[in-house]
Amino acid sequence: MKEYLIPFFVSMVPLIELRGAIPIAQSMGLPVLSSYIVCIIGNMIPVPLIYLFAQKILVWGADKPVIGGFFTFCLEKGRKGGKKLTEKAGRGLFVALLLFVGIPLPGTGAWTGTLAASILDMDFKSTIAAVMLGVLLAGIIMMTASVIGFSLL
């Protein structure tokens, strides 16, 4: 059980999330299904907290001496994510958020997607559902790539 702690905690880290945790789990030789589930759970745990508190904390800290630069960077990342979401929202904001989180590209993921959704005032239930589906999609993509990649080594 201890071997799952590394991918579990890595999947909670902003910008790395399960996109980094799944390859780590596969490099450790963990079973595909159980490591997928552990990484999904780890990636989703921060989502409600991000939605409810991140924007308020980032706005509060943006003008503080030591943390201001990082907090401003995070706010800008969320605003840029929100802008991308609204540009792609022709089929609806829910689908745009799902795809934004689900396509494993640098700068996308549950953290940025949830922050962007909170900045756009998307409702809580829709945000959680879209992010969860996006995380499941990203997990499938990353697990497939990891299994294929490590089988070629």
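A crossing of two helices is right-handed if the near helix is turned clockwise from the far one by less than a right angle, and left-handed if anticlockwise. That term is used at two stops of this tour. The model on screen is predicted.

**Stop 1: helix 4 on helix 8**

Select residues 47–61, which form helix 4, together with residues 124–152, which form helix 8. Two packed helices are described by the angle between their axes and the distance between the axes. Here the axes lie 10 Å apart and the angle is about 140°. Helix 4 is therefore oblique to helix 8, since only angles over 145 degrees count as roughly antiparallel. The crossing of this pair, helix 4 with helix 8, is right-handed.

Now show side chains at the contact. From helix 4, pick Val 47, Pro 48, Tyr 51 and Leu 52; from helix 8, pick Phe 124, Thr 127, Ile 128 and Val 131. Colouring the contact of helix 4 with helix 8 by class gives seven nonpolar residues, one polar and no charged.

**Stop 2: helix 6 on helix 8**

Keep helix 8 and add helix 6, residues 93–102. The two axes come within 7 Å and cross at roughly 35°. The crossing of helix 6 with helix 8 is right-handed. Helix 6 contributes Phe 94, Leu 97, Leu 98, Val 101 and Gly 102 to the contact. On the helix 8 side, the residues to select include Ser 126, Thr 127, Ala 130, Gly 134, Leu 137, Ala 138 and Ile 141. By class, the contact of helix 6 with helix 8 holds 12 nonpolar residues, four polar and no charged.

Which residues of helix 6 are buried? They are Ala 96, Leu 97, Leu 98, Phe 100, Val 101 and Gly 102. The partners of these buried residues of helix 6 are helix 2, helix 5, helix 7 and helix 8.

**Stop 3: Ile 141**

Stay on helix 8 and centre on Ile 141, which belongs to that helix. Its relative accessible area is 33%, so Ile 141 is partly exposed. Leaving out residues up to four places away in sequence, Ile 141 touches Gly 102 and Pro 104. For a distance check, measure from Ile 141 to Ile 119: the C-alpha atoms are 27 Å apart, with a sequence separation of 22 residues.

**Stop 4: helix 2**

Select residues 17–27 for helix 2. Eight of its 11 residues are buried, so helix 2 is largely enclosed by the rest of the structure. The buried set consists of Glu 17, Leu 18, Arg 19, Gly 20, Ala 21, Ile 22, Ala 25 and Gln 26. To see what these residues pack against, display helix 1 (5–10), helix 3 (32–44), helix 6, helix 7 (110–119) and helix 8.

Next, centre on Gln 26. Its relative accessible area of 14% is under the 20% cut-off, so Gln 26 is buried. A polar atom of the Gln 26 side chain lies 3.4 Å from the backbone oxygen of Leu 30. Leaving out residues up to four places away in sequence, Gln 26 touches Pro 31, Val 32, Ser 35, Met 143, Ser 146, Val 147 and Phe 150.

**Stop 5: backbone around helix 2**

Switch to backbone torsions. Most residues other than glycine have a negative phi, and most peptide bonds are trans. Which phi values should be checked here? Leu 15, not a glycine, has a positive phi near 70°. Leu 15 sits in the loop between helix 1 and helix 2. At 55% relative accessibility, Leu 15 is exposed.

Glu 17 is another non-glycine residue with a positive phi, near 50°. Is Glu 17 buried or exposed? Glu 17, which lies in helix 2, is buried at 1% relative accessibility. Just after helix 2, Gly 29 has a positive phi of about 80°.

**Stop 6: Glu 76**

Finish on helix 5, residues 68–87, where Glu 76 is found. Glu 76 is partly exposed, at 36% relative accessibility. Show the side chains of Glu 76 and Arg 79: a polar contact of 3.1 Å joins them. Then measure C-alpha to C-alpha from Glu 76 to Gly 42, which gives 25 Å for a sequence separation of 34 residues.

How values were computed
Residues are numbered from 1 along each chain as its sequence is written. Side-chain values use heavy atoms; hydrogens and water are left out. Axes are lines fitted to C-alpha atoms, for helices over the stretch in contact, and angles run from 0 to 180 degrees between N-to-C directions. Helices (H or I, at least four residues) and strands (E, at least two) are DSSP runs, numbered from the N terminus. Angles under 35 degrees count as roughly parallel, over 145 as roughly antiparallel, 65 to 115 as roughly perpendicular and the rest as oblique. Contact means heavy atoms within 4.5 Å. Ala, Val, Leu, Ile, Met, Phe, Trp, Tyr, Cys and Pro count as nonpolar, Asp, Glu, Lys and Arg as charged, and the others, Gly among them, as polar. Buried means under 20% relative accessible area, exposed over 50%, partly exposed in between (1.4 Å probe, protein chains only). A polar contact is a pair of N or O atoms within 3.5 Å; within protein, one must be able to donate a hydrogen and the other to accept it, and residues adjacent in sequence count only if both atoms are side-chain atoms.
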